[in-house]
Amino acid sequence: MSVDSELQEMEGKLLQLLESGSDDEQILNVLEQFNTQNAMTVNFPSTKDSQTQEIIAALCQKLGEKRSARCNSECLKTIRIFSRDTVLADVLALDSTLTLLMTHAWFHQTAEESDKITTLKDEDTEVIIEAQKCLCNIIYNSKKAQHICSVNGCIEGVIQRMKTYKDANLKHDIKYFDMRLLFLLSALVPETRQRIHFELHGFSYLMEIIDLLLHDAEERKTGLTDQEVDLCCEVLKILFNLTMSLKMKSLDEEEDGHLMRLISVLRELLLCKTESNDRKEELVSHTVNLLTNVPATSYEQLLTPLTDSGADSVTKDNETEGKNMESIVVLLNFLHQRLRKVSREQDKDIQNIVEPAPHNTETKLHSKPPCSMSDNLTPILHCLCEASRNNRSIRKFCRLKVLPPMRDEVRNLPEEGDTLRNRLCQLLTSLSSSIKHLVPDFLFTLCKENVDRMIKYTGYGNCAGLLAERGLLMGGRGKMASYSSESEDSETEEYSELRPMVNPVTGRWEEERPKAIDNMSEEQKEYEAMKAVDLIHKLHEKGVIQPGCLGSDGRPTPISHILQLTENIKIAPEASSDSD
């Protein structure tokens, strides 16, 4: 018997029991068997059959009756399994069904009713969580449900319960799926964001949740647990949705106050400890994503002045200009982690090309898809670019950490090594469009858009693309931002000794080598020059290359004939051999 026919037979048996009015025990046995066998099922081949839809209707009817918590929980599990299917999710997207699920999720809209949360029993908690999961699935898979739940009190119910999160009896999973539900609605229905943010004061309640978690961890004198990190990440994702338009408008007094408090909360998250190092990286990642939404001038709030009481706890390496830079250290360390991660993944991809890994269906089903280089690096690079460009203290500190004074490392290529500078130089010629713009932009900002300084740290070959794009191939300075006039480019003794032998194209010290033309006669030199011109001309005619020259704007301009390259060459007059 095929899997599909077995499923249809089981559905038929389940429908018969539900319609016959059998007792809870009989229904539970069949429901538990069905839920166990379909625990990993996503699509149901019989979605268009009236039998499946009749089962859903019968389950909803049972949920509307007074049944035991265990029976309700199993009915909700079955609905949750059905709701994974996009077709069945639309079948479930009815006002009556969604209201029923909201009732079982205890989404009360009045303060008096929300007080009942303190009387929850374990079996009630299980029913609430299953109802929340059903709502999450249906909203995710059905646009119709998204619209209904945006106006039927679902959002108000979640925010009302957020006021009770201080209650120790409220289980973590209830809070987590509340936040997952609010995230889905704020992400999939943009019209809800203003209402959540201002009308329902959701922005303040969300920040209070993070404050509460940080306070609890501090009282325990331990880091955030994995569950607390999960909840924090969901809250940060909602805040990201609510702040997506922050940069596009001028803020009033209330919004400015919210923003100041938000940056303060984000700073605390960057500096907090977690029980698991892996979860700390995830927490910082979501914090960085949210920082990309805030106005650039707000990055100043990540820094705190060094007071007499707190100065001793901050090492000299983590302060500059009398400000505590620990939050920036966390961001730079996170960037370094991500750069190493990207490098490992690239090495793994190359290895798989050389030696393909054996196919493993089980691993493929249960493994998360890897993030792309752009997903891993774009947020943190954007964040550090904006912070460095708009805040002198942050730029100065990042410069010292990313581009410290050069010493004997100039003997190696800029992209060789594991320092932040080395890792970033490796990506200057990346094929990713976002990365090849953000990495040089970040380094150029740290160099105060000084071309000579950029070439010193990266080599002319690595940064040629950026210079060509900005019309700076002949040197000079960028015009995108204004920087302080004081110099920060002090050279070490080691670098000063090696500097005369540094190849500006590669950015590396090289031993002096004899020139190929030193032993040539003038006729040989002329012959080799004409030979090179002829080869370039042939490549040009075949469309292999496009010769160009620098235009008036400093950017490369294509030429139509190779001889145009000689138009602006000034030949010095030969010295006269006549003597008086």
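**Figure 1. Contacts of Thr243 in the predicted model.** Leaving aside neighbours within four places in sequence, Thr243 is in contact with Phe203, Leu262, Leu290 and Asn293. The coordinates belong to a predicted model. Thr243 sits in the loop that runs between helix H14 (226-242) and helix H15 (253-271). Its relative accessible area is 1%, under the 20% limit, so Thr243 is classed as buried.

**Figure 2. Polar contacts of the Thr243 side chain.** Which backbone oxygen does the side chain of Thr243 reach at 2.8 Å? That oxygen belongs to Leu239. The Thr243 side chain also reaches the backbone oxygen of Phe240, at 3.3 Å.

**Figure 3. Helix H19, residues 373-390.** Helix H19 has 18 residues, which at 1.5 Å a residue should span 26 Å. The C-alpha atoms at its two ends are 26 Å apart, so the model agrees with the expected span. H19 is mostly covered, with 13 of its 18 residues buried.

**Figure 4. Surroundings of Ser388.** Ser388 is located in helix H19. Is Ser388 buried or exposed? Ser388 counts as buried because its relative accessibility is 1%. Beyond its neighbours within four places in sequence, the residues in contact with Ser388 are Ile394, Arg395, Cys398, Phe442, Thr445 and Leu446. One of these, Phe442, is 54 residues away along the chain, yet the C-alpha atoms of Ser388 and Phe442 are separated by 7.9 Å.

**Figure 5. A nonpolar surface patch that includes Val544.** Ile536, Leu539, Val544 and Ile545 make a nonpolar patch of about 300 Å² on the surface. Val544 belongs to the loop between helix H26 (522-541) and strand E6 (548-550). With a relative accessible area of 56%, above the 50% limit, Val544 is therefore exposed.

**Figure 6. The whole protein chain, for orientation.** The protein chain contains 26 helices and seven strands. Of its 580 residues, 46% are buried. How much area does the protein chain expose? The exposed area is about 31300 Å², and carbon and sulfur atoms supply 50% of it. Among contacts between residues at least 6 apart in sequence, 73% join residues at least 24 apart. The pair Ser388 and Phe442, shown in the fourth view, is in contact and lies 54 residues apart along the chain.

Definitions and conventions. Residues are numbered from 1 along each chain as its sequence is written. This is a predicted model: local features need pLDDT of at least 70, side-chain atom pairs count only at pLDDT 80 or more; totals for chains, interfaces and linings use all residues. Side-chain values use heavy atoms; hydrogens and water are left out. Patches are made of residues with over 30% relative accessible area and no salt bridge: like charges are joined within 9 Å, nonpolar side chains (Val, Leu, Ile, Met, Phe, Trp, Tyr) within 5 Å. Accessible areas come from the Shrake-Rupley method with a 1.4 Å probe; for residues, only the protein chains shown count as cover. A salt bridge is a side-chain nitrogen of Lys or Arg within 4 Å of a carboxyl oxygen of Asp or Glu. Helices (H or I, at least four residues) and strands (E, at least two) are DSSP runs, numbered from the N terminus. Buried means under 20% relative accessible area, exposed over 50%, partly exposed in between (1.4 Å probe, protein chains only). The expected span of a helix is 1.5 Å times one less than its number of residues. A polar contact is a pair of N or O atoms within 3.5 Å; within protein, one must be able to donate a hydrogen and the other to accept it, and residues adjacent in sequence count only if both atoms are side-chain atoms. Contact means heavy atoms within 4.5 Å.
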